[in-house]
Amino acid sequence: MSETHAETTRFVRTEMLAEQEPPITEKGIVKWIRENLFSGWLNVILTVLSLFVIYWVLAALVPWLANSVWTTGSLAECREVLAEKGLNSHGGACFSVITERWPQLIFGFYPPELYWRPIVAFVIFLLGIAPVLFQSMPRQALWGSLAAPFLVYWMIWGGSLWGPIITAAGFGVGALAFVFIGKAAGNILGTISAILLPILFWLFLTGPIVAGLSGAIPLEITKVESNDIGGFMLALIIGISGIILSLPLGILLALGRQSHLFIINKVSVAFIEVIRGVPLIVWLFTASLLLNYFLPPGTNFDLMLRVIIMVTLFASAYIAEVVRGGLAALPKGQYEAADALGLDYAKSMRLIILPQALKISIPGIVNTFIGLFKDTTLVVFIGLLDPIGLSNAIRATTEWNGIYWELFIFIGLMFFIFCYSMSRYSIFLEKKLQREHR
């Protein structure tokens, strides 16, 4: 009986097993490769094909980059250097075109002795935008952000300092009109006055005031024409101006499209649909060729300014739809909560609705900005020498006729740096707002 009982009783372990390492196939890089690259027959085929394509590309690209030439003055000299190494004319990259022509690719035909001015302007821009992008900066620095655009304009184009100062004063006129007329006659008339009075001030008073002050106290630096601006400086000016100006205009258009006021709603809808329904290149040709027909004879409306206006209007229509999507994504209870607190329309939008809608819209807004910055290359079709236009001009010279990839790699790398930076800031801002929400 006891023997039968001993045979049928199961053994129960009285102590835990010692900790052991997982199998090699269940940890580290081997596990990742097994799960992501060889998890099935289809993945195995795709992995093998991908490795073959990568090898084929690197086998051609690595020697081409390794045999790069950086110090010659022409394509012919570069090919001679490659021939001395026993390579054919395409056996190495002729990056000498970059070391030889990089000032032209960056600054266009800007006077070389004045290169310091765009560099200072870019530093001013970075200092001005930092308090806007990063909340850790002191809030008093926002006053510098307001002054930065006018200083940047003066540093790049030069001329009299009184021009940017009086232009900034026009915005002050609009602010005063909004405050005082808004209190006396209502927000609608205050808003209309804040728009119309600065325009009238700039059209009729800015010129005489600037002329008088320049004659009394000349504060001038060498003036540079817009035709001398090109390369990445041109792309940055158009792209940054369009980005900064299109965001507030797009928000206003999004609010106008959701407005219950018939005129405001229909005007906003018509503007957005017309702008979005026509390619950007058509609007650029409109700015370049047709806009002068609607201006008084003898009017000199700078082409770059026309392009900035058209790019801003085009981007604002897309921003409006992105923001409208953010507004539509908010629960109805948020609007009802704002009404329950007794907030008027302006305060409810500023304090409750728009912060949440813009947070939702961040990916779409940044995506629009990146597309806008890349679309600045379209200005080559209307005669402005952006990086693509300058690359064509460089390749048309006798020294560099026949070179292609080196210029386009440099241009693509520069655009990637700026666009990737915007993308990373977008991710940083999203994570920051998620932490604050928690």
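A disulfide is a pair of cysteine sulfur atoms within 2.5 Å. In this predicted model, a search of the whole structure finds 1 disulfide. The bond joins C78 to C94, with an S to S distance of 1.9 Å. That distance falls within the 2.5 Å cut-off, so the pair counts as a disulfide. The angle about the S-S bond is -90 degrees, and the link of C78 and C94 is left-handed.

The two cysteines belong to separate parts of the chain. C78 lies in helix α4, which spans residues 75-84. C94 lies in the loop between α4 and α5. The partners are 16 residues apart in sequence, so the disulfide ties the helix to the loop that comes after it.

Both ends of the link are shielded. C78 has 0% relative accessibility and therefore counts as buried. C94, at 2%, is also buried. Another cysteine, C419, has 11% relative accessibility. This value is under the 20% cut-off, so C419 counts as buried too.

Beyond the loop that holds C94 comes α5, residues 96-107. This helix is mostly covered, with 9 of its 12 residues buried. The buried set begins with S96, V97 and I98. R101 is also buried, as are P103 and Q104. L105, I106 and F107 complete the set. Just after α5, G108 adopts a positive phi of about 70 degrees.

Conventions
Residues numbered from 1 in each chain as written. Predicted model: local features only at pLDDT ≥ 70, side-chain atom pairs only at ≥ 80, totals over all residues. Heavy atoms only, no water. Helix = DSSP H or I, 4+ residues; strand = E, 2+ residues; numbered from the N terminus. Buried < 20%, exposed > 50% of the residue type's maximum accessible area, 1.4 Å probe, protein only.
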